[in-house]
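Hi,

Here is the structure I promised to pass on. Have a look at it first, and then read my notes below.

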Amino acid sequence: MAGQETDDFYKDAVNYWSNIPDTIDGMLGGFARLSSSDVGQSMTFLKKIIQGPGALTEPEVALDCGAGIGRVSKRLLLPVFNTVDLVEVNPKFLKTAETYLGELSSKVGNYFPVGLQSFTPESGRYNVIWNQWVLGHLTDKDLVEYFKRCKKGLKENGVIVAKENVSGGEDYDFDEVDSSYTRPKEALLKLFEEAGLKVIREEKQKHFPKDVYAVFMFALQ
Ligand SMILES: C[S@@+](CC[C@H](N)C(=O)[O-])C[C@H]1O[C@@H](n2cnc3c(N)ncnc32)[C@H](O)[C@@H]1O
């Protein structure tokens, strides 16, 4: 994949995000209006993982990866988990999260200001590791290694979730503006497999506009 191994790949993304406002619209590239629909369907997906007869794990400790200002933590993870940690490359966003999360910030365990390519979750700590709209910022190689480390960071029966855009054809789409890749679904599935993960559940995001990328959620173990 062109561009993946250049030194600038990560630097350009850091530069891009350092100029983006610490708002929901900033997090979603101008699509703040899609946040409710996104979180609504994520909640239904998550509840099947942590509640009811088919539950895979408990709502104890979650990790929000590429957390930004904590949009996913605030609306999805903190309302249901006892503790949530946030990992995010831009420290400015984490600073904003401290206030944006309001009273829920009392349930935050740790704020980790680091890129996922350099992050190692504490062994056996997490029931759920949630990655949303961030994996395109990792090279294929780094994504596989990162997911292997995430696997070790799970409690027994814990789950990794990936919620990402997928490209329509067989090619990776490179976005020069934010320095990220949108991968075909098949490519994502191959990377999960390389990391030793199996897809337990999969769902397509509904009610998004037709002119944006399709978005898929995968529950992985
Ligand atoms: C599209 S935003 C999504 C934020 C959040 N996941 C959400 O859904 O609201 C992407 C986030 O990933 C962060 N990011 C970019 N590259 C990263 C990396 N290598 N490691 C960790 N976070 C990264 C950006 O700073 C930004 O906060």
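Which residue just after helix 5 takes a positive phi? It is Gly 102, with a phi of about 55 degrees. Before going further, please keep in mind that this is a predicted model.

**The sheet**

Let me start with the sheet, since much of the rest refers to it. It is an open sheet of 7 strands in the order 3-2-1-4-5-9-8, and the pairing is mixed. Strand 3 and strand 8 (199-204) are the edge strands, each pairing on one side only. Going from one strand to the next, the twist averages 15 degrees.

At one edge, strand 3 (residues 108-112) runs parallel to strand 2, and 3 bridges join the two. If you want a pair to look for, Leu 86 has Tyr 111 in strand 3 as its bridge partner. To get from strand 2 to strand 3 the chain passes through helix 5 (residues 91-100), and this β-α-β crossover is right-handed.

Strand 2 is also joined to strand 1 (residues 61-65), by 5 bridges, and these two strands run parallel as well. Here Leu 63 stands opposite Asp 85 in strand 2. The chain goes from strand 1 to strand 2 by way of helix 4 (residues 71-77), in another β-α-β crossover that is right-handed.

How much of strand 2 is buried? The count is 4 of its 5 residues (residues 83-87), so the rest of the structure largely encloses this strand.

At the other edge, strand 8 pairs with strand 9 (residues 214-220) over 5 bridges, this time in the antiparallel sense. One pair to find there is Lys 204 with its bridge partner in strand 9, Phe 216.

Two helices to look at against these strands are helix 6 and helix 7. Helix 6 (residues 140-153) packs on the sheet and touches strand 1, strand 4 (126-132), strand 5 (154-166) and strand 9. The direction of helix 6 makes about 145 degrees with that of strand 5. Helix 7 (residues 185-194) lies across strand 5, strand 8 and strand 9, and runs at about 15 degrees to strand 9.

**Helix 5 and helix 1**

Back to helix 5, where I spent some time. Its buried residues are Phe 93, Leu 94, Thr 96, Ala 97 and Tyr 100. These cover an arc of only 160 degrees around the axis, which puts them on the same side of helix 5. What do they pack against? Their partners are helix 1 (8-18), helix 2 (24-27), helix 4, strand 2 and strand 3. On the face turned away from that buried side you will find the exposed residues Pro 91, Lys 95 and Thr 99.

The N-terminal end of helix 5 is capped by Asn 90, with a side-chain oxygen 2.9 Å from the backbone nitrogen of Lys 92.

Helix 1 can be read in a similar way. Phe 9, Ala 13 and Trp 17 are its buried residues. Viewed down the axis of helix 1, they fall within an arc of 60 degrees, so they line one face of the helix. The elements covering them include helix 2, helix 5, strand 6 (173-175) and strand 7 (180-182).

**A few single residues**

Next, the loop between strand 4 and helix 6. Where does Thr 139 sit? It is in that loop between strand 4 and helix 6. Is Thr 139 buried or exposed? Its relative accessibility is 3%, and the cut-off for buried is under 20%, so Thr 139 counts as buried. A polar atom of the Thr 139 side chain lies 3.1 Å from the backbone nitrogen of Asp 142.

Trp 133 has its place in the loop between strand 4 and helix 6 too. Although Trp 133 is not a glycine, it has a positive phi of about 50 degrees. With a relative accessible area of 26%, Trp 133 is partly exposed.

Asn 157, found in strand 5, is not a glycine either, yet it has a positive phi of about 70 degrees. Asn 157 is partly exposed, at 48% relative accessible area.

Best wishes

Definitions and conventions
Residues numbered from 1 in each chain as written. Predicted model: local features only at pLDDT ≥ 70, side-chain atom pairs only at ≥ 80, totals over all residues. Heavy atoms only, no water. Buried < 20%, exposed > 50% of the residue type's maximum accessible area, 1.4 Å probe, protein only. Pairing = 2+ DSSP bridges. Right-handed = clockwise from strand over helix to strand, strands pointing away. Axes fitted to C-alpha atoms, helices over the stretch in contact; angles between N-to-C directions. Contact = heavy atoms within 4.5 Å. Arc of directions from axis to C-beta. Polar contact = N/O pair within 3.5 Å; in protein donor to acceptor, adjacent residues only side chain to side chain.
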